[in-house]
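Open the model in your viewer and keep the sequence panel in sight. This tour goes stop by stop, with something to select at each one.

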Amino acid sequence: MLKIKRVPTVVSNYQKDEASDESVGCGRNCLGACCLNGARLPLYACKKLENSGTGEKVVISHEAREPPVAFLESLVLREWEDRFQRGLFRYDVTACETKVIPGKYGFVAQLNEGRHLKKRPTEFRVDKVLQSFDGNKFNFTKVGQEELLFQFEAGEDCDVQFFPCMPLDAENSPSVVAINVSPIEYGHVLLIPRVLDCLPQRIDHKSLLLALHMAAEAANPYFRLGYNSLGAFATINHLHFQAYYLAMPFPLEKAPSKKMITTVSGVKISELVNYPVRSLLFEGGNSMQDLSDTVSDACVCLQENNIPFNILISDCGRQIFLMPQCYAEKQALGEVSPELLETQVNPAVWEISGHMVLKRKEDYEGASEENAWRLLAEASLSEERFKEVNALIFDAIGCSNQEEELEGILVQPSGSVNQTGNRTLGGPIANGAASECLVLQ
C-alpha cells in the first residue's frame with residue numbers, strides 16, 4: 001500500500017487534530033446534531049430543469065425576469081467580504097503578491113506563504129481514489145455555522161427563488177456554500193453537496209449537475225469551479241467543490257484542442273494539445289444535463305478504475321476539463337525530482353489550470369513558464385497511458401465505436417473567457433463587471 005506524508009490545507013477554523021477534538025460540535029455552533037436545531041441560513045434556489053419539448057431532453061429555463069438577488073455579487077462575494085471583515089480567515093489573502101508569468105501561456109503565480117503555516121500532518125493514502133467516509137476525521141459537519149454563506153439547490157420553480165432565512169433541515173440534507181479560511185484569493189468558497197449526508201469525495205451525477213448549476217447561476221465566465229479527487233490532492237474526504245472568481249483566462253482554457261468524438265447526446269469530447277498535462281475537454285450537448293451526465297459517467301469510470309483526476313468547470317458550466325493525473329503516485333514512488341519536491345507545490349486543479357500557488361519567495365521571484373511547465377508535466381499521464389484511459393472512458397459513455405479523430409485539425413478556443421484585454425489582479429466585482437478574485441484548497 002502506497003502512503004505519503006501529507007500536510008493538508010486547513011479549510012476551517014475548527015479543523016484540529018482528531019485526538020484533541022473531544023467535544024465535536026458542542027458549544028461551537030457546528031453542523032452536528034448538538035447545534036443544528038434552530039439553525040437558519042439564506043437559501044438560493046435556481047431555476048428547475050424543464051423538458052425542452054423535443055423528446056426527453058432537458059434544458060434550463062431562461063426567463064427575462066431579474067433574479068431576486070445577484071448570485072455572484074451579493075451572495076458569494078458580499079457574504080465572503082462580511083466573513084472577512086469579521087476576522088474568520090487565517091490571513092489576509094489580499095496582501096499576497098500575484099503576477100502573470102511572461103510567456104506564451106500566461107501562467108499566474110501567487111506567493112501565498114500563509115497557506116503553508118499551522119497545518120497538521122496526517123497519513124494520506126494516494127493509491128486509492130475511493131475511500132469510505134470517516135466521521136472521526138475532520139469533515140464539514142464540524143465547521144462553525146458562521147463559516148457558511150448560504151444554502152444552494154436546484155429549485156422546483158421556473159424562476160429563481162431566494163429565502164433570506166431558512167432552517168437547515170436535517171431530514172433533507174442541504175447543499176451549502178462555505179468560506180475556505182485558507183483562501184488563495186478574494187472570494188474563495190466551497191460548494192458542499194448534501195453536507196449532512198456525509199458523502200465521501202467522489203463524483204456522482206446529482207452533485208456534478210449541482211456544480212454546473214452554480215457555474216451557470218453565477219453567469220460570469222470568470223467564475224469557475226474545481227474538483228480534486230483523492231489521490232489528486234483532495235485533502236478532505238467529504239464531497240466538495242472549490243470555486244473562485246478570476247478575471248482573466250486560464251492557460252488551460254486557452255490551449256488548442258483536437259476533436260476526438262461526439263456522443264449521441266451531442267457532447268463533443270476533445271483532447272488538449274500543446275499543454276503540459278494531457279486533458280480532455282467536454283462541451284456542447286443537447287442540454288446541461290446531457291453534458292453533466294457524460295462527464296459524470298467518465299468520472300465514475302475513473303473512480304472505479306482507481307485513476308486520480310481533477311475537474312475544471314469553465315465558461316458558465318458550458319465547458320468541463322477532465323485531467324487524469326499521477327503526480328502523487330510518482331511522489332510516493334520517489335520518481336519526482338528533489339528540486340520539484342522542495343517547492344512543496346502539489347499540482348491540483350488550479351495549478352493544472354495555470355494558477356501556480358507558490359509557498360516560497362524564491363520560487364515566486366524565479367517563476368517562469370519553463371518552471372511551471374516542468375512541474376505540471378510531472379502530473380501528466382504518459383501518451384500511452386492517456387490513450388488507455390481514454391479507451392476506458394469512451395467505453396463507459398458508450399462511444400467506443402464512435403471515434404472520429406481529426407488528425408492535424410486543431411480547434412482554437414473561443415468565447416468571452418478566452419478574450420484578451422485589460423486585466424487586473426485582485427479585488428471584487430464592481431457593478432457586475434469583471435475586475436477580479438480567486439479560490440483553491
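**Stop 1: two helices that cross**

Select helix 5 and helix 11 in this predicted model. How are the two helices oriented to each other? Helix 11 covers residues 383-396, and its axis runs 9 Å from that of helix 5. The packing angle is about 125°. Angles under 35 degrees count as roughly parallel, over 145 as roughly antiparallel, and 65 to 115 as roughly perpendicular, with the rest called oblique. Helix 5 and helix 11 are therefore oblique to each other. The crossing of helix 5 past helix 11 is right-handed.

Now show side chains at the contact. From helix 5, pick Asp 297, Ala 298, Cys 301 and Leu 302. From helix 11, pick Val 389, Leu 392, Ile 393 and Ala 396. These residues make the contact.

**Stop 2: off the end of helix 5**

Move on to Asn 306. It sits in the loop that links helix 5 (288-304) to strand 17 (309-314). Check its backbone: phi is near 60°, a positive value in a residue other than glycine. Asn 306 counts as partly exposed, because its relative accessibility is 35%.

**Stop 3: another asparagine in a loop**

Select Asn 274. Look between strand 15 (267-272) and strand 16 (280-284), where a loop holds Asn 274. Phi of Asn 274 is near 55°, again positive in a residue that is not glycine. Is Asn 274 buried, partly exposed or exposed? At 47% relative accessibility, Asn 274 is partly exposed.

**Stop 4: a threonine between helices**

Jump to Thr 343. Its loop joins helix 7 (338-342) to helix 8 (349-353). Thr 343 has 13% relative accessibility, so it counts as buried. Which backbone atom should you look for beside its side chain? Pick the backbone oxygen of Leu 340, which lies 2.6 Å from a polar atom of the Thr 343 side chain. Then add Lys 359, Arg 360 and Asp 363 to the selection. Thr 343 is in contact with these three, leaving aside neighbours within four places in sequence.

**Stop 5: the cysteines**

Select Cys 30 and Cys 35. Why is there no bond between their sulfurs? The sulfur of Cys 30 is 3.9 Å from that of Cys 35, its closest cysteine sulfur, and that is too far for a bond. A disulfide needs the sulfurs within 2.5 Å. The structure holds zero disulfides. Cys 30 is buried, because its relative accessible area is 1%. Finish at Cys 326, also buried, at 11% relative accessibility.

Methods: Residues numbered from 1 in each chain as written. Predicted model: local features only at pLDDT ≥ 70, side-chain atom pairs only at ≥ 80, totals over all residues. Heavy atoms only, no water. Helix = DSSP H or I, 4+ residues; strand = E, 2+ residues; numbered from the N terminus. Buried < 20%, exposed > 50% of the residue type's maximum accessible area, 1.4 Å probe, protein only. Polar contact = N/O pair within 3.5 Å; in protein donor to acceptor, adjacent residues only side chain to side chain. Contact = heavy atoms within 4.5 Å. Axes fitted to C-alpha atoms, helices over the stretch in contact; angles between N-to-C directions. Left-handed = near helix turned anticlockwise from the far one by under 90°.
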